[in-house]
There are 4 protein chains.
Amino acid sequence: MSVLRMGYMHVRVTDMAEAKQHYGNTVGLYQTLEQDGKVYFKGWDEWDHHSVVLEEGGVGMVKCGFKVLDPGELDGIEARATRFGAVVERMSAGENAEVSDGIRVILPSTHVIEFYHSMTPVGLEVGTHNPDAFPRHLVGIGAPRLDHALIVAEDVGEIERFFKEVVDFYPTERLATSLDDDAHLIATWMTIGNTNHDIAILEGPNGKIHHFAFEMRGWDDILHAGDIFAMDDTPVDIGPTRHGITRGTTIYFFDPSGNRNETFAGGYQCFRDRPVVTWTPEAVGKGIFYHARELNERFMTVMT
Amino acid sequence: MSVLRMGYMHVRVTDMAEAKQHYGNTVGLYQTLEQDGKVYFKGWDEWDHHSVVLEEGGVGMVKCGFKVLDPGELDGIEARATRFGAVVERMSAGENAEVSDGIRVILPSTHVIEFYHSMTPVGLEVGTHNPDAFPRHLVGIGAPRLDHALIVAEDVGEIERFFKEVVDFYPTERLATSLDDDAHLIATWMTIGNTNHDIAILEGPNGKIHHFAFEMRGWDDILHAGDIFAMDDTPVDIGPTRHGITRGTTIYFFDPSGNRNETFAGGYQCFRDRPVVTWTPEAVGKGIFYHARELNERFMTVMT
Amino acid sequence: MSVLRMGYMHVRVTDMAEAKQHYGNTVGLYQTLEQDGKVYFKGWDEWDHHSVVLEEGGVGMVKCGFKVLDPGELDGIEARATRFGAVVERMSAGENAEVSDGIRVILPSTHVIEFYHSMTPVGLEVGTHNPDAFPRHLVGIGAPRLDHALIVAEDVGEIERFFKEVVDFYPTERLATSLDDDAHLIATWMTIGNTNHDIAILEGPNGKIHHFAFEMRGWDDILHAGDIFAMDDTPVDIGPTRHGITRGTTIYFFDPSGNRNETFAGGYQCFRDRPVVTWTPEAVGKGIFYHARELNERFMTVMT
Amino acid sequence: MSVLRMGYMHVRVTDMAEAKQHYGNTVGLYQTLEQDGKVYFKGWDEWDHHSVVLEEGGVGMVKCGFKVLDPGELDGIEARATRFGAVVERMSAGENAEVSDGIRVILPSTHVIEFYHSMTPVGLEVGTHNPDAFPRHLVGIGAPRLDHALIVAEDVGEIERFFKEVVDFYPTERLATSLDDDAHLIATWMTIGNTNHDIAILEGPNGKIHHFAFEMRGWDDILHAGDIFAMDDTPVDIGPTRHGITRGTTIYFFDPSGNRNETFAGGYQCFRDRPVVTWTPEAVGKGIFYHARELNERFMTVMT
């Protein structure tokens, strides 16, 4: 398995002071660096330098990074991405603070994704010797780690194919116009390991992001997150609820700039031989929001 | 304490077959009687004959009953209700199946409420000798017991006064136009004991009911209830979420006729000396739905 | 209903500095006073001045207090306690810091219990105007409130009778040698309202206390409490587990002096007409610890 | 990644009728075959034919199987296992009912493990088209899937090395006599993917198994499992509690023959670059049982 996970999400925010308050005090991430107009955060259960990067000026995703296990894998990714037809370039150590050299790819959907093999390690907040189960004093919702992102693309099938062919991801669940082989693919959830998704792709305008998500420890932490959002006047899009797709429990909420975040907990263990789940349009409401079984307008239209 | 609790809710349904499916298989109540066009249900953690009565023909509340500890208390209720100015009449044993004689009161809001001192006991599903914590095989959401109702009245203050003066209830939380002494009362949550509410009253058209609620065991059972609603195509109004008012966690949903039900869990222990909480209009969204902080149209307008 | 609840528990501790650390930083109570060698605490969801009083010098219960709704009820309690044969005396305002005048009773079991009608109010931590569901920053396990105590007496039946006859408590569950009417009573759980117990009495040496308990919000908070105990090296007696008796979920733990505390969550709503549950010796293990179904040595022998 | 997961655990039981009752009605697995004195079960969230095999005659592990993604990987495993010095043989399709051909390895610890590339698929209980989040009617604790096993070996380091070198597992947590490089390894938790462990190895008599575990959905399902064990008189070893190691929540319990089972929920996402956690003996109690912080006698001595 060459790719380990989505290691960082780099987004634009309209107001850095508000954004720092949100990601620091509400989401409960640890600020690890502020430099050159960018602010870097990590979750308490992450050991690399950062998983979220904020940059002032608008909204939306600047780029995201996927970590690979060792440098030797970058050549293969470069070759396969080039063969796929994506725009590929080498990046140097230091282009991203604390991040190694790597490969930068511009997807046909115009999203920029970077593959890197190392980031300055800063360690788990609980340490690695007889550690406690979590830090004694968590802030806000205390998000442990970045989990996944849902990006938006005009041609979902093409981006699914990129992640399959270039980095060996596999789909766990798919939303299509029907069960037929030639059905049109509306969305896909893909993983490289046992999680439900490292990346998901939804049909829509190229280059947009629907949300990026933090993994929480369970349904009760989802409730606690919702309570903290109420205390902090954090706008909630929807939730707490369950997704039919992935079975995960969730709240969608917005940062002060309007980027959608998610708290996600649960979901099942995925494996490459697990049958892929297919959702068809008559059940899409249930697939997205299992309890309400209908999509709200915001969910369908707000992408940054 | 003269009144023990709201002992039964008697509602109309448009289709009895569908209603039996809903209250029996989805809510998971136990049918205890079908007679004279009425169907009677109890929860697994109730010991009296029934707590829900269904009657075909329309929607909405026919009446509800409050149980008192002993027959001797009925005289006092009759006297105080008469003094209050309500319409009061004696009812005989058997007017309600399996229910003792008692007092019937028509509130100024036109709601009919009955006070009775006994109902045929049928016992807890788990028994009383070395009982298990719950029945081994619960159906649907497995609602343990009826908890409370929210009724609608043009003059909330008047109905609050009725429950205070006639049956010694006390308000635990109130929604008013301001904190001033002469503020207009929009809603009130009242209890006779330690629960958050046996009855709540919301401003609106006389004689209507907003919902009646079943007590669940916790936040996880609220999730499970939502999941069962998805499987059974039970329309969900809102939730899972938390109420700011009472702190309880909740899902509002509808029976097939359109009567609103609630699953309610949590909330705090109330006492007569606990300071009353007051909500004012700028926070009403948060008070009702703590996470979303806004009321949906349905919640405000659908009353049966 | 004359008695509202057990309002305070006053215990001895061997080391005040350690005890303050325990009740303040681990249990998460708020210190409200330190005076004359005594330290006073309250939970975040309590409004009166204190619910726990610590006094240096040994271990065990000094006394506990029950709050009544108004002063007029004290005469009746005095009369009934005297008739019962207990030692009764009037106490003055100020004998207990911030507590009104009242009645002091020495039970036949030598336990001292006080009845009082008011305590200096200090308010809920979340306030009473558009309050949040809990304080933004809780400490340790963040115990909301004192819930109940289990005291030990040679003659359980006699003390049960005291609470019935003098202050109108009723038993919700009982442990007896058999189901026969003349069975020997080993333990009883009694309440004045809708909780499972305000006080419980277990057979054993007079004057001892088995534990006193804080009410938690649910099973997940029980887990969190256990995690905090691990971080703070708080000795755990048993749990997390469920009680068969009351169905509550629980952890028993010890303060640094050896007084047993409990975190208790759940349990069902009690009512005076609910059938009393009876446990018999063959199921006592299951009654106390539902999952393990056996009592540990500590549980049976450590009383302070 | 060549190995997908531990696909089946094959154990001996002393009484098949009791064992079927346990794994079918209490654990809630689905029986898929009874043939030649063996009984086969799967969990509701598994799609291959079986994950548990029972065989009458004694107790303990007969063997366990690991599934690989495709047949081509078996050659490499065979070569590396042979080079490692293990006893290796080819097995034919049908030697295990419904299981493909593969490789059988006898570890130096005498445990038999099999690698296979396919098993007759029987499908998820919820299907793959617009599926519900779980089956409407689960039995007993409703275990979704087999998760991992803890086997016992005289030389833990050797077996850890086997899983590293032969099938590319990596350790996530380790228990050693100290933090020194030459410390003696007492136990190790290893995974091939993102779970906390597919296999763990504990120092002790060769060929024994400490337990095998089913993955549950969360802490509340752990409570529910404990409650079902109480109802079914299933012996509980310890729990509900949390492991310090893996952070998972757990109950250990026994099948009627004395084989130890576990319900396991939670734990964190593992990655090959995550720092390995090391536990040292002074914290072993906390590592195994986070709340009690001491091991019980049974846990240390009962291995089958």
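This text walks through a predicted model, from single strands to the relations between chains. Local features need pLDDT of at least 70, side-chain atom pairs count only at pLDDT 80 or more, and totals for chains, interfaces and linings use all residues. Residues are numbered from 1 along each chain as its sequence is written, chains are lettered from A and ligands numbered from 1 in the order in which they are written, and side-chain values use heavy atoms, with hydrogens and water left out.

Start in chain C, with strand β8, residues 112–116. Strands here are DSSP runs of E with at least two residues, numbered from the N terminus. In β8(C), 5 of 5 residues are buried (under 20% relative accessible area, with a 1.4 Å probe and protein chains only). Both faces are covered. Val112(C), Glu114(C) and Tyr116(C) are buried on one side, Ile113(C) and Phe115(C) on the other.

Now look at the partners of β8(C). Two strands count as paired if DSSP finds at least two bridges between them. Strand β5 of chain C, residues 60–68, runs parallel to β8(C) over 4 bridges. Phe66(C) has Phe115(C) as its bridge partner in β8(C). Strand β7 of chain C, residues 102–106, is antiparallel to β8(C) and joined to it by 5 bridges. There, Arg104(C) is partnered by Glu114(C). A hairpin links β7(C) and β8(C), with 5 residues between them. In its turn, Thr110(C) has a positive phi of about 75°.

Move on to strand β13 of chain C, residues 209–215. Here 7 of 7 residues are buried. Strand β9 of chain C, residues 145–153, pairs with β13(C) in the antiparallel sense over 6 bridges. Arg145(C) stands opposite Glu215(C) of β13(C). Strand β16 of chain C, residues 260–266, pairs with β13(C) in the parallel sense over 4 bridges. Phe214(C) has Thr263(C) of β16(C) as its bridge partner.

Strand β13 of chain A also spans residues 209–215, and it holds His210(A). Is His210(A) buried or exposed? Its relative accessibility is 1%, so His210(A) counts as buried. What does His210(A) contact, leaving aside its neighbours within four places in sequence? Its contacts (heavy atoms within 4.5 Å) are Leu150(A), Ile151(A), Val152(A), Leu202(A), Arg260(A), Phe299(A), Val302(A) and Met303(A).

Next come the chain copies. They are superposed by least squares on the C-alpha atoms of residues with pLDDT of at least 70 in both. Chain B falls on chain C after a rotation of 180° with 0.0 Å of shift along the axis, at an RMSD of 0.0 Å. That is the relation of a two-fold axis. The copies meet through the same surface, because 100% of the interface residues of chain B are also interface residues in chain C. Chain B can also be laid on chain A, by a turn of 180° and a shift of 0.0 Å along the axis, with an RMSD of 0.0 Å. Pro240(B) is the residue of chain B that comes closest to the rotation axis, with its C-alpha at 3.0 Å. Again the same surface serves both copies, and 100% of the contact residues of chain B recur in chain A.

Finish with the second largest pocket. It is lined by 29 residues. Nearest its centre lie Ile238(C), Ala292(C), Asp237(D), Ile238(D) and Asn296(D). Two or more lining residues come from β14 (236–242) of chain C and from β14 (236–242) of chain D.

Conventions
Buried < 20%, exposed > 50% of the residue type's maximum accessible area, 1.4 Å probe, protein only. 1 Å grid on protein atoms, 1.4 Å probe; cavity = no way out; pocket = protein on both sides within 12 Å on 5 of 7 lines; lining within 4 Å.
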